[in-house]
Amino acid sequence: MSKRPAEASSSTQRLVGQPFSKAPVSANKRELGTNDEMGEFEDAWEDEVESDEEVVDAAANDEDGMDIDEVMPAIEESDEPPQAPRAYIPGVHALGKDEVLEADESAYIMRHTMNVNWPCLSFDILRDNLGDERRRFPASISIVSGTQADETKKNEVLVYKMTSLHKTQKDGEDSDSEGEDDDENDLDEDPIIEFRSIPHFGGVNRIRAQPLPPSSPLPPVTQPYFVASWAETGKVHIWDVRPLIESMDVPGYAYDKSRVQTPAFTINSHGRAEGFAMDWAASGPSSLRLLTGDIHSKIYLTTSTPSGFKPLSQPFTSHTSSVEDIQWSPSEPTVFASCSADRTVQVWDVRSKGRKSVAGIDPAHESDVNVISWNRLTSYLLLSGGDEGGIKVWDLRNVKKAGTSGPEPTPVASFTWHSGPITSVEWHPSEDSIFAASGADGQVTLWDLAVEQDADEAGMEDTPEGGKDIPSQLLFQHLGQKDVKELHWHPQIPGTVISTAYDGFNIFKTFNV
């Protein structure tokens with residue numbers, strides 16, 4: 001997985017809601033005056049007084065000295081309707097010189113953007129105490145992210161709290177009789193952002209928060225809420241961010257900065273080899289397991305007990321190239337899967353001797369396998385994304401066990417919609433057929449495997465301009481970000497997606513998911 005260049009954004013951290021669509025840049029622009037001095041007051045109705053010289057010149061030219069308005073021909077109204085906006089499809093359409101993308105706001109229930117000082121390769125969603133299945137607006141979201149600054153010492157781990165995320169959909173169909181709740185949902189107010197930071201030596205390649213049981217509240221401030229950061233220095237730091245969250249939730253709360261800004265533990269198992277792969281699992285509040293994989297093909301396991309963290313010295317070593325992503329099984333506490341630049345997906349059991357994989361898919365993609373996601377509702381489905389832009393869904397019941405012969409498994413679904421490397425995939429937390437994906441081509445796409453083409457549509461012409469077929473399972477295409485790196489569904493706000501890219505974060509909820 002490639003890093004994005006470390007260049008500072010020209011804007012400071014802020015939340016804005018900005019549409020972007022295919023329309024001329026030059027259209028409907030207004031020039032603003034830049035004169036800071038008080039100008040002379042002009043009366044638009046003041047009578048003009050002609051000088052004697054002007055009267056003489058007019059008489060000499062046989063003119064009566066009066067201005068006569070030029071008669072203009074009548075403007076004929078056109079009966080042609082205005083040109084309807086057309087959907088932009090990457091790889092099919094190309095933006096003209098004076099064209100930009102403009103979002104169809106009726107397709108979004110909520111859409112906000114957040115610009116940042118430094119790009120973030122990775123982020124994770126932090127749990128809060130506001131409840132599950134939240135559907136009312138305004139929304140509140142907390143995340144943790146890590147920066148990729150231009151200097152090692154400038155990097156930070158950042159905890160953000162975003163509030164007043166109001167509904168942005170304006171389709172003109174809302175009724176005034178729907179009650180005061182809808183009026184509150186549609187308040188046109190700017191979102192509010194707060195953040196706390198922890199100095200971090202080296203860029204953050206990936207960051208993950210410890211898992212909490214579904215529907216469980218946030219731990220009290222007296223208990224830790226751990227976040228792990230994979231640094232480009234080869235170290236994995238574990239931080240307690242619970243005091244930072246409390247300081248934003250409770251006005252006046254003070255915390256010990258020296259304690260918060262010191263890692264609770266640092267994993268040095270990888271030496272100086274950096275990495276991207278990392279995932280937590282939990283058997284209880286004090287029984288955590290953290291897997292980390294590096295660019296030298298090694299995977300290490302670190303466990304926790306009430307007395308602290310303990311890294312295991314022997315690595316897992318079946319990959320032959322950089323380990324790109326890791327996922328714990330949602331149903332078996334000792335099983336995990338990993339993907340690699342060696343084009344394979346491997347399945348492991350921590351109880352197996354020799355630290356070798358017990359099953360695998362070789363090859364899983366034509367190029368590097370960048371990301372995977374394990375379905376938490378249908379635990380035999382695994383999603384993978386490759387450097388060639390392909391997305392595949394695997395049935396792990398068909399995966400060949402290590403040391404056995406037979407045909408290689410084939411994916412139960414495969415999509416080649418994206419035109420750049422896949423950078424993130426994730427199953428929907430409560431809908432087992434829906435997933436999201438992002439790519440280096442600037443797309444965030446939402447998919448539903450349960451959608452099938454109707455028999456009535458099978459014979460219809462469904463190929464758009466340019467000859468690129470649109471898969472029936474493609475629900476939504478979100479554009480407007482540059483080089484998207486990671487996305488997550490919010491587990492407590494159904495259908496809400498957050499994505500990070502070179503130019504900042506997007507927070508959105510579509511009308512159809």
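**Exercise 1. Determine how β23 and strand β25 (residues 413-415) pair, and place β23 within its sheet.**

Solution. Begin with the pairing itself: β23 and β25 are joined in the antiparallel sense over three bridges, where two strands count as paired if DSSP finds at least two bridges between them, and where strands are DSSP runs (E, at least two residues) and helices are DSSP runs (H or I, at least four), numbered from the N terminus. Within this pair, K392 stands opposite S414 in β25. The model is a predicted one, in which local features need pLDDT of at least 70 and side-chain atom pairs count only at pLDDT 80 or more, while totals for chains, interfaces and linings use all residues. Residues are numbered from 1 along each chain as its sequence is written, and side-chain values use heavy atoms, with hydrogens and water left out.

Next, turn to the other neighbour of β23: strand β22 (residues 381-386) runs antiparallel to β23 and is joined to it by five bridges, with S384 opposite K392. Four residues lie between the strands of this hairpin, and G389 takes a positive phi near 100° there.

Then add the remaining strand: β21 and β22 pair in the antiparallel sense over five bridges, and the bridge partner of S373 in β22 is L383. The result is an open sheet of four strands in the order β21-β22-β23-β25, with antiparallel pairing. Its edge strands are β21 (369-374) and β25, each of which pairs on one side only.

**Exercise 2. Decide whether the residues of strand β23 (residues 391-395) are buried or exposed.**

Solution. First fix the terms: buried means under 20% relative accessible area, exposed means over 50%, and partly exposed lies in between (1.4 Å probe, protein chains only). Five of the five residues of β23 are buried, so the strand is largely enclosed by the rest of the structure. Now separate the two faces: I391, V393 and D395 point one way, K392 and W394 point the other way, and all are buried.

For a second case, take strand β13 (residues 275-284): seven of its ten residues are buried, so β13 too is largely enclosed by the rest of the structure. This strand is joined by eight bridges to strand β14 (residues 287-294), the two running antiparallel, and G284 has S287 as its bridge partner in β14.

**Exercise 3. Describe the surroundings of I141, and state which residues I141 touches.**

Solution. Start with the location: I141 is found in strand β6 (residues 139-146), and I141 is buried, with a relative accessible area of 0%. Then list the contacts, a contact meaning heavy atoms within 4.5 Å: not counting residues up to four places away in sequence, I141 touches Y160, K161, M162, L165, H490, I493, T496, I498 and I507. Finally, consider L126, which is 15 residues from I141 in sequence and 7.9 Å from I141 in space, C-alpha to C-alpha.

**Exercise 4. Summarise the chain as a whole: how many helices and strands are there, and what share of the residues is buried?**

Solution. The chain has five helices and 32 strands. Of its 513 residues, 47% are buried. For contacts with a separation of 6 or more, residues 24 or more positions apart account for 61%.
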